[in-house]
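Me: I have a structure to go through at the bench. Please take my questions one at a time.

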Amino acid sequence: MAAYVLLLEDDPSMRFLLGSYLEKSGFRVTTAANAADFFAACARHMPDCVLLDLGLPDEDGLVVARKIRQRSDVPMIIVTSRQEESDRLTGLELGADDYVVKPFHPRELIARIHNLLQRSSRRSATTDPVPSTPSSGVPFGELLIDFGKRQLVVIKDHQAIVLTPGEFDCLAALILAKGNFVTRDQLKDAISNREDPPDDRTVDSIICKIRRKIKQAGCRSDKIRTVRGHGYQIDSDAFGA
Ligand code: CA
């Protein structure tokens with residue numbers, strides 16, 4: 001049976017366009033123009049995937065994201081025109097599985113939905129009851145970063161690598177850059193909620209600790225490259241199939 005997608009989007013033309021495109025792509029679709037209708041639709045029939053706009057008339061989309069995650073593991077993609085890194089990070093930290101910024105090509109969104117549905121069906125097909133089994137996240141190399149649980153996990157044995165909040169935020173910023181390099185200033189911004197204002201050396205030392213922890217977990221490569229004079233990046237091949 002076709003996967004059931006619930007789209008929350010307050011802009012009427014965007015809702016119509018995206019809704020029809022999803023239907024043409026073979027999904028069963030319900031659309032909601034506000035958070036109240038969205039939750040009512042969830043209560044009637046839990047979707048296989050939800051698409052969330054962030055700017056809504058009755059509730060902040062990030063609050064909606066958190067409420068969904070509190071009650072369900074449903075695959076969740078944030079679809080929004082907000083470009084700020086902090087919203088992107090907050091959305092992923094609240095448990096969104098993916099993020100698309102408008103304007104985007106509808107085919108990109110469809111591909112992301114398919115990927116997510118595939119990952120989630122693999123997840124539910126697994127009989128492994130280990131509680132640390134990753135529930136959502138982005139794989140890179142031998143590792144998976146779980147934004148919902150703020151965890152770094154070795155894929156093959158589900159071993160969690162314990163990171164401090166600063167280490168997690170730095171690594172998250174690198175992963176979200178998807179192979180592009182991230183400057184030390186950007187990494188400082190990512191960890192600016194620390195008591196002591198971070199400097200370049202703080203960033204370098206955090207990266208060094210992340211690398212050590214990944215190595216200690218038995219991984220062949222940490223996939224973090226130093227871009228001399230600029231900052232750091234994740235090897236783009238880490239995101240390959
Ligand atoms: Ca909107």
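Me: Which residues lie nearest the centre of the second largest pocket?

Reply: This is a predicted model. The second largest pocket holds about 360 Å³ of space. Its lining is made of 16 residues. Those nearest the centre are E85, L89, A173, Q186 and A190.

Me: Which element gives the most residues to the lining of the second largest pocket?

Reply: Elements that give two or more residues to this lining are α4 (85–93), α6 (165–176) and α7 (184–190). The top contribution is 6 residues, and it comes from α4.

Me: Where does the second largest pocket lie relative to domain 1 and domain 2?

Reply: Domain 1 spans 4–125 and domain 2 spans 138–239. Both give residues to the lining. The pocket therefore lies between them.

Me: How many residues of the lining of the second largest pocket are charged?

Reply: The lining divides by residue class. Nonpolar residues number 7 and polar ones 4. The charged count is 5.

Me: Which residues coordinate the calcium ion?

Reply: Two donors are side-chain OD atoms of Asp, and one is an O atom of Gly. They sit at 2.2 to 2.4 Å. In sequence their spacing is D-x42-D-x1-G. The residues are D10, D53 and G55.

Me: How many residues apart in sequence are the parts that D10 and D53 tie together?

Reply: D10 is in the loop between β1 (4–8) and α1 (12–24). D53 is in the loop between β3 (49–52) and α3 (61–71). The pair therefore ties together parts that lie apart in sequence by 43 residues.

Me: Is D53 buried or exposed?

Reply: Buried means under 20% relative accessible area. D10, at 29%, is partly exposed. D53 has 4% relative accessibility, so D53 counts as buried.

Terms used:
Residues are numbered from 1 along each chain as its sequence is written. This is a predicted model: local features need pLDDT of at least 70, side-chain atom pairs count only at pLDDT 80 or more; totals for chains, interfaces and linings use all residues. Side-chain values use heavy atoms; hydrogens and water are left out. Donors are N, O and S atoms within 2.8 Å of the metal (3.2 Å for Na, K and Ca); water is not among the atoms, so sites may look incomplete. Helices (H or I, at least four residues) and strands (E, at least two) are DSSP runs, numbered from the N terminus. Buried means under 20% relative accessible area, exposed over 50%, partly exposed in between (1.4 Å probe, protein chains only). On a 1 Å grid over the protein atoms alone, a cavity is a set of points where a 1.4 Å probe fits but cannot get out, and a pocket is an open set with protein on both sides within 12 Å along at least five of seven lines; lining residues have an atom within 4 Å of a point. Grid points are joined across faces, edges and corners, and a volume is the space filled by probe spheres set on the points. Ala, Val, Leu, Ile, Met, Phe, Trp, Tyr, Cys and Pro count as nonpolar, Asp, Glu, Lys and Arg as charged, and the others, Gly among them, as polar. Domain bounds come from an automatic or database domain assignment.
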